[in-house]
Number of protein chains: 4
Amino acid sequence: MKFEVLVIGGVLRAMPYVMAPYSTVSMLYDENAKILIDPGSFVTWEALEKKLSEMKLPTDEVTDIILTHVHMDHIFSSIFFKHATFHVHEKYAERDYSSFGNLSGQLYSMVVSSWKNVQRLKGSERLFDCIDVFYTPYHSSDHISLVIETQNMGRILMPGDICYTKVEYYEAVKGYKNDEAARFVRETSKKCDWVIFTHDEPLRISR
Amino acid sequence: MKFEVLVIGGVLRAMPYVMAPYSTVSMLYDENAKILIDPGSFVTWEALEKKLSEMKLPTDEVTDIILTHVHMDHIFSSIFFKHATFHVHEKYAERDYSSFGNLSGQLYSMVVSSWKNVQRLKGSERLFDCIDVFYTPYHSSDHISLVIETQNMGRILMPGDICYTKVEYYEAVKGYKNDEAARFVRETSKKCDWVIFTHDEPLRISR
Amino acid sequence: MKFEVLVIGGVLRAMPYVMAPYSTVSMLYDENAKILIDPGSFVTWEALEKKLSEMKLPTDEVTDIILTHVHMDHIFSSIFFKHATFHVHEKYAERDYSSFGNLSGQLYSMVVSSWKNVQRLKGSERLFDCIDVFYTPYHSSDHISLVIETQNMGRILMPGDICYTKVEYYEAVKGYKNDEAARFVRETSKKCDWVIFTHDEPLRISR
Amino acid sequence: MKFEVLVIGGVLRAMPYVMAPYSTVSMLYDENAKILIDPGSFVTWEALEKKLSEMKLPTDEVTDIILTHVHMDHIFSSIFFKHATFHVHEKYAERDYSSFGNLSGQLYSMVVSSWKNVQRLKGSERLFDCIDVFYTPYHSSDHISLVIETQNMGRILMPGDICYTKVEYYEAVKGYKNDEAARFVRETSKKCDWVIFTHDEPLRISR
């Protein structure tokens with residue numbers, strides 16, 4: 001399948017009022033499957049709408065959605081894709097979202113309960129014959145990372161939020177960081193052509 | 001009743017991905033009524049949650065919500081207040097929100113249909129014995145402005161998005177702008193002590 | 001000459017701490033001239049550095065800089081181009097920048113005094129045999145607008161901050177706004193193929 | 001001396017154009033000394049100007065500036081305080097700032113060369129009889145952290161960018177992160193009443 005970044009993620013945090021990180025939105029697709037990876041945040045829904053419109057892809061033709069983990073800056077726009085099958089790590093179901101804060105409880109419940117078809121992952125699957133899933137619970141208990149073999153960009157590492165910017169990646173590669181997350185990213189990226197960051201521009205890796 | 005600004009609005013627009021204006025959120029309250037004016041955008045829901053938590057005010061105790069107009073940066077967080085009565089200009093009901101874009105249609109429909117009790121305004125009411133409503137369709141066809149007599153801040157002008165920053169206000173007062181919106185703001189503000197802007201800090205007026 | 005937008009401008013304003021609008025940065029160039037129009041704000045200098053690096057254009061090979069007006073979000077990065085000739089409306093020289101606030105006075109003085117070669121405009125010139133200058137003092141007393149005949153994008157209108165987003169443009173075209181600025185933009189844009197906004201994406205005009 | 005946060009830092013990063021983190025600006029003061037810690041970024045100079053104006057403190061009465069490290073989002077506004085003595089770790093002087101990129105080289109050189117009086121630190125000093133300096137080169141080679149005994153807020157930890165948000169702090173305290181930076185922050189914060197983050201709100205520590 002071919003891979004395309006639809007929205008490049010970033011961070012907007014300006015105390016005391018603005019807390020708005022927003023994640024990178026990507027698509028993996030061929031003639032049959034239209035797989036959205038991390039549909040992203042509220043601050044980018046207009047950009048996502050515009051992009052899908054340019055691709056002439058109605059929301060109900062998105063077949064699948066893969067979530068690196070269940071945090072609001074990654075999942076909000078999942079509410080727009082009611083016909084998709086959701087691929088999420090099984091740990092997401094253990095949380096009682098309604099027990100969160102007064103507003104966050106409502107928001108998480110609304111989004112999570114909008115997923116009609118969920119395929120729970122254990123974090124060691126191979127999906128769509130081209131995606132290897134890794135369980136990487138170093139940012140949240142339900143966090144997965146992906147390695148994808150694509151037709152147009154070689155092998156791609158998507159480390160999710162365990163390595164969300166170029167700076168973090170360089171720290172891992174150079175050994176400044178040496179925890180489990182850093183080691184996973186360092187070793188796995190050696191065999192990849194691109195790293196797709198959740199809150200930064202994609203990086204081509206020279207091997 | 002007393003008046004308090006809970007969240008000061010602003011603008012975050014960074015092409016091509018980020019389109020995130022967010023409006024000022026205010027509350028008018030006494031022992032009985034808790035009236036939220038423009039509940040605001042997604043980018044400030046965490047700040048709003050924190051503020052309401054500090055006030056020990058659960059969302060289901062908000063009695064009323066007044067909307068200056070039905071644009072997403074003003075209305076998103078209305079979904080959290082399911083027990084409130086919504087006061088909105090009647091023109092909002094003439095739009096077919098589902099006919100908007102693929103994502104925006106869904107989003108507007110979801111938010112607007114979450115309002116269970118709606119009191120439609122004509123734009124010449126007096127509400128709660130202290131709020132004068134003015135029909136000011138210079139930004140959208142359903143736009144209203146408010147003049148509120150408060151116990152703690154004197155008389156307040158809330159011009160909504162027809163004058164959304166201090167710079168626009170100064171342009172109106174000095175006569176650089178002279179359209180209907182500018183004239184309304186110039187004349188009305190003369191009798192007020194504060195202007196509450198939708199996307200800027202409140203301004204005390206020296207009379 | 002050919003025209004290219006190097007950085008698309010936007011607005012980042014998040015009270016009480018962040019006041020950071022940033023303007024669109026454009027270049028007009030052929031084999032001899034490299035003309036930067038509004039070098040832009042501090043928040044985009046890294047993007048501008050990256051862009052110039054990709055173009056293999058050292059800062060001292062920028063021959064000319066045209067400023068729509070002397071506001072910090074448009075002029076800050078002018079300090080990097082010490083060899084350029086600056087084309088600015090003559091009114092800019094009438095202000096005593098050092099009398100501004102304690103920090104703003106220093107900042108404006110530093111930037112303005114870094115311009116070694118200044119060609120003062122009256123606002124009715126034709127520059128480089130392809131740029132018509134118009135004096136449009138509706139945003140600041142030294143504000144000019146530009147109409148440029150390009151080789152690659154037809155005729156371009158650059159209205160500066162008198163019409164800085166698509167929304168303002170639509171309001172002018174549809175007649176919601178009808179002051180001098182709106183009339184200038186409406187009439188002039190009829191003969192153009194593109195409008196380049198200072199704080200929004202470029203717009204292709206269908207004629 | 002008394003301590004006050006003048007500007008709360010944050011992060012504004014929106015690819016591909018906006019790269020604008022901005023750091024917290026603090027002041028330590030008594031009748032004689034006015035010590036600014038990390039004067040901060042361009043995006044907050046207007047907020048800083050307003051704050052100093054409210055304090056009736058002209059820029060030339062700032063006596064000292066302490067820098068946690070020499071990165072632009074922390075140092076830009078240092079150019080406004082020409083009479084101050086700068087306290088910086090000695091390693092800052094080993095870098096050839098002019099060899100940075102075409103624009104960044106100029107910008108860093110301009111700011112660094114504006115410091116007329118520099119007191120080089122080794123990272124084990126006690127300053128002003130109330131500040132303990134620690135050499136913490138885990139973010140940059142010239143990075144220091146501070147522990148300050150204040151009259152109004154008890155003992156304060158300023159870990160600079162080795163722990164720049166609450167989330168990082170919690171990760172360090174709970175042991176999710178366990179590198180040298182995390183250990184320093186965890187141990188040192190046990191004896192403090194507040195942690196002042198460079199890109200997040202201050203946190204009161206319950207001991």
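## No salt bridges between B and A

Let's start with what is missing: between chain B and chain A, the count of salt bridges is zero. Keep in mind that this is a predicted model. What the rule does find across the interface of chain B and chain A is 16 residue pairs in polar contact, with both residues at pLDDT 80 or more. The side of chain B that touches chain A is made up of 24 nonpolar residues, seven polar ones and three charged ones.

Several elements of chain B take part here. Strand E1 (2-7), strand E3 (18-22), helix H1 (45-54) and helix H3 (102-112) each supply at least two residues of the side that touches chain A.

## How much B and A bury

How many residues of chain B are in contact with chain A? There are 34 of them, and they meet 34 residues of chain A. Together, chain B and chain A bury about 3100 Å², with 71% of that area on carbon and sulfur atoms. Looking at chain B's side, the residues that lose the most area to chain A are B:Tyr17, B:Phe42 and B:Leu103, which together account for 24% of what that side buries.

## Where B meets D

Now turn to the other partner, chain D. Eight residues of chain B are in contact with eight residues of chain D. Chain B and chain D bury about 410 Å² between them, and 55% of this is on carbon and sulfur atoms. Three residues, B:Ala14, B:Met15 and B:Lys50, supply 49% of the area that chain B buries against chain D, more than any other three residues.

This time the rule does find salt bridges: two of them cross the interface of chain B and chain D. One of the pairs in a salt bridge is B:Lys50 with D:Glu201, whose side chains meet at 3.3 Å, N to O. The count of residue pairs in polar contact between chain B and chain D is two, both residues being at pLDDT 80 or more. On chain B, the side that touches chain D divides into six nonpolar residues, no polar ones and two charged ones.

## A two-fold pair

How do you get from chain B to chain D? A turn of 180° with a shift of 0.0 Å along the axis lays chain B on chain D, with an RMSD of 0.0 Å. The two copies are thus related as by a two-fold rotation axis. B:Ala14 is the residue of chain B that comes closest to this axis, with its C-alpha at 3.3 Å. As 100% of the interface residues of chain B are also interface residues in chain D, the copies meet through the same surface.

## Helix H1 of chain D

Which residues of helix H1 (residues 45-54) of chain D are buried? They are D:Trp45, D:Ala47, D:Leu48, D:Glu49 and D:Leu52. Their cover comes from two chains: it includes strand E3 (18-22), helix H2 (72-75) and helix H3 (102-112) of chain C, along with strand E1 (2-7) and strand E4 (25-29) of chain D. After H1(D) comes D:Lys56, which has a positive phi, near 50°.

## A buried serine in a loop

D:Ser23 sits in the loop between strand E3 (18-22) and E4 of chain D. Is D:Ser23 buried or exposed? Its relative accessibility is 0%, so D:Ser23 counts as buried.

A polar atom of the D:Ser23 side chain lies 3.2 Å from the backbone oxygen of D:Asp73. Leaving out residues up to four places away in sequence, D:Ser23 touches D:Gly9, D:Asp38, D:Gly40, D:Asp73, D:His74, D:Thr198 and D:His199.

Technical notes. Residues are numbered from 1 along each chain as its sequence is written. Chains are lettered from A and ligands numbered from 1 in the order in which they are written. This is a predicted model: local features need pLDDT of at least 70, side-chain atom pairs count only at pLDDT 80 or more; totals for chains, interfaces and linings use all residues. Side-chain values use heavy atoms; hydrogens and water are left out. Contact means heavy atoms within 4.5 Å. Buried area is the accessible area (1.4 Å probe) that two parts lose on being put together, summed over both. A salt bridge is a side-chain nitrogen of Lys or Arg within 4 Å of a carboxyl oxygen of Asp or Glu. A polar contact is a pair of N or O atoms within 3.5 Å; within protein, one must be able to donate a hydrogen and the other to accept it, and residues adjacent in sequence count only if both atoms are side-chain atoms. Helices (H or I, at least four residues) and strands (E, at least two) are DSSP runs, numbered from the N terminus. Ala, Val, Leu, Ile, Met, Phe, Trp, Tyr, Cys and Pro count as nonpolar, Asp, Glu, Lys and Arg as charged, and the others, Gly among them, as polar. Copies are superposed by least squares on the C-alpha atoms of residues with pLDDT of at least 70 in both. Buried means under 20% relative accessible area, exposed over 50%, partly exposed in between (1.4 Å probe, protein chains only).
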